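Student: Please take me slowly through one part of this model, the surroundings of the ligand, and then connect that part with the rest of the chain. I would like each term explained when it first comes up.

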Amino acid sequence: YLNGEKTPKGPFEATQADYQKVYDEIAARLANETDYDDGSYGPVLVRLAWHASGTYDKETNTGGSNGSTMRFAPESDHGANAGLKLARDFLEPVKAKFPWITYSDLWTLAGSAAIQELGGPQVPWRPGREDKDVAACTPDGRLPDAAKDHRHIRDVFIRMGFDDREMVALIGAHALGRAHKDRSGFDGPWDFSPTVFSNEFFRLLVEEKWNQRKWEGPTQFTDKGTSTLMMLPTDMALIKDKGFKQHVERYAKDNDAFFKEFSDVYVKLLELGVPFQSKPEDRFVFKPSE
Ligand code: ZEM
């Protein structure tokens, strides 16, 4: 080697400290890039990680976060993924700075980072995902349709391998962000602090009175108090169905239980179908920004 450089000792192997650098870069971008919606790209990063992972089918062991096939059409064009290009593009400078990380690890790490940076629980994370090519794209229709009912929620989430309690906890991520008319057709935020992770979605779901919104758009619900919030038909299904409602009521009263159970199930979601070499106890807990 020229200039007396040391001979490289084989392929670069990233350590926890290297992944923390990726985390820190995402956190810094979240703090600096505030020109999005309510001031943070965090919610749409959470949604990217969820849509990358929620295609998992336990019977065929296909889909899931391992592959990041949403980089390609047709998956990037699936209706459910409308708007997620913004989240993928937000992460491109991070990928450029740390080219050794796979997109599949990057998107899930960003989902974990966004929850922590928006005031949520710790979301332990581990690397090990590989990027696959376009042939691994999943068929359209694996992600849930917000216009449907409790049976559809169970069909879709049982296919991934979740039970009632886990389904409710996961959907509590709707404390974050909002719906956009030009993406899903729905419109508005679920609570008054859409960039803060909390159990507000559940509290409002049980404490507010929700009426069907009178408008041209798809059926959605609005709060009687301010008419500024919204619930999707699938959100309302969580208080119509007894199996779901018990967990909604529990989380509405107990933020700590929600944080703990959400973290566990979101970690599980982000790991569906990933053939890890490492053990669960080897997961990293990233240090949040100050
Ligand atoms: Zn959502 N979600 N989701 N979700 N979601 C939207 C937005 C966000 C459903 C759904 O159809 C929609 C989970 C479960 C389910 C987030 C996270 C998670 C929107 C609005 C719709 C329509 C999209 C738009 O217009 O931009 C349905 C039917 C679900 C299950 C039954 C789970 C699980 C999530 C994470 C763990 C987040 C963070 C958003 C807000 C995105 C943003 O851009 O603000």
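Tutor: What follows begins at the ligand and then moves on to the core, the loops and the sheet.

Residues are numbered from 1 along each chain, in the order in which its sequence is written. The model is predicted, so local features are described only where pLDDT is at least 70 and side-chain atom pairs count only at pLDDT 80 or more, while totals for chains, interfaces and linings use all residues.

There are 24 residues around the ligand, and those that come nearest are A146, A173, G177, A179 and S184; a residue is near a molecule or strand if its C-beta atom, placed from the backbone, lies within 6 Å of it. Sorted by class, this shell has 15 nonpolar, six polar and three charged residues, where Ala, Val, Leu, Ile, Met, Phe, Trp, Tyr, Cys and Pro count as nonpolar, Asp, Glu, Lys and Arg as charged, and the others, Gly among them, as polar.

Helix 2 (42-53), helix 6 (164-171) and strand 1 (178-179) each supply at least two residues of the shell, and helix 2 gives the most, with five residues. Helices (H or I, at least four residues) and strands (E, at least two) are DSSP runs, numbered from the N terminus. The ligand lies between two domains, because domain 1 (13-142 + 266-282) and domain 2 (150-264) both give residues to the shell around it; the domain bounds come from an automatic or database domain assignment.

Helix 2 also leads us to the nonpolar core, since A49 has its place in helix 2. The largest nonpolar core has 71 residues, and those with the most contacts inside it are L45, A49 and A110. Such a core is a set of buried Ala, Val, Leu, Ile, Met, Phe, Trp, Tyr and Cys residues joined through C-beta atoms within 7 Å, and a residue is buried if 20 or more other C-beta atoms lie within 10 Å of its own, exposed if 12 or fewer, and partly exposed in between, with C-beta atoms placed from the backbone. Helix 4 (residues 103-117) gives the most to this core, with eight residues, and the core draws at least three residues from each of domain 1 and domain 2. A49 counts as buried because it has 26 C-beta neighbours inside 10 Å. In soluble globular proteins, nonpolar side chains tend to be buried together.

The loop between helix 2 and helix 3 (84-97) holds P74, and the peptide bond from A73 to P74 is cis, with omega near 10 degrees. N61 lies in the loop between helix 2 and helix 3, as does S68. Phi is near 50 degrees in N61, a positive value in a residue other than glycine, and near 45 degrees in S68, again a positive value in a residue other than glycine. Most residues other than glycine have a negative phi, and most peptide bonds are trans. N61 counts as exposed because it has 12 C-beta neighbours inside 10 Å, whereas S68 is buried, with 23 other C-beta atoms within 10 Å.

Further along the chain, three strands form an open sheet in the order 3-4-5, with antiparallel pairing; two strands pair if DSSP finds at least two bridges between them. Strand 3 (210-212) and strand 5 (230-231) stand at the edges with a single partner strand each, so one side of each is left without a neighbour in the sheet. Strand 4 (residues 221-223) and strand 5 run antiparallel and are joined by two bridges, and the bridge partner of T222 in strand 5 is M230. T226 has its place in the loop between strand 4 and strand 5 and is exposed, with 9 other C-beta atoms within 10 Å. The C-alpha atoms of T226 and K279 are 48 Å from each other, although the two residues are 53 residues apart along the chain.
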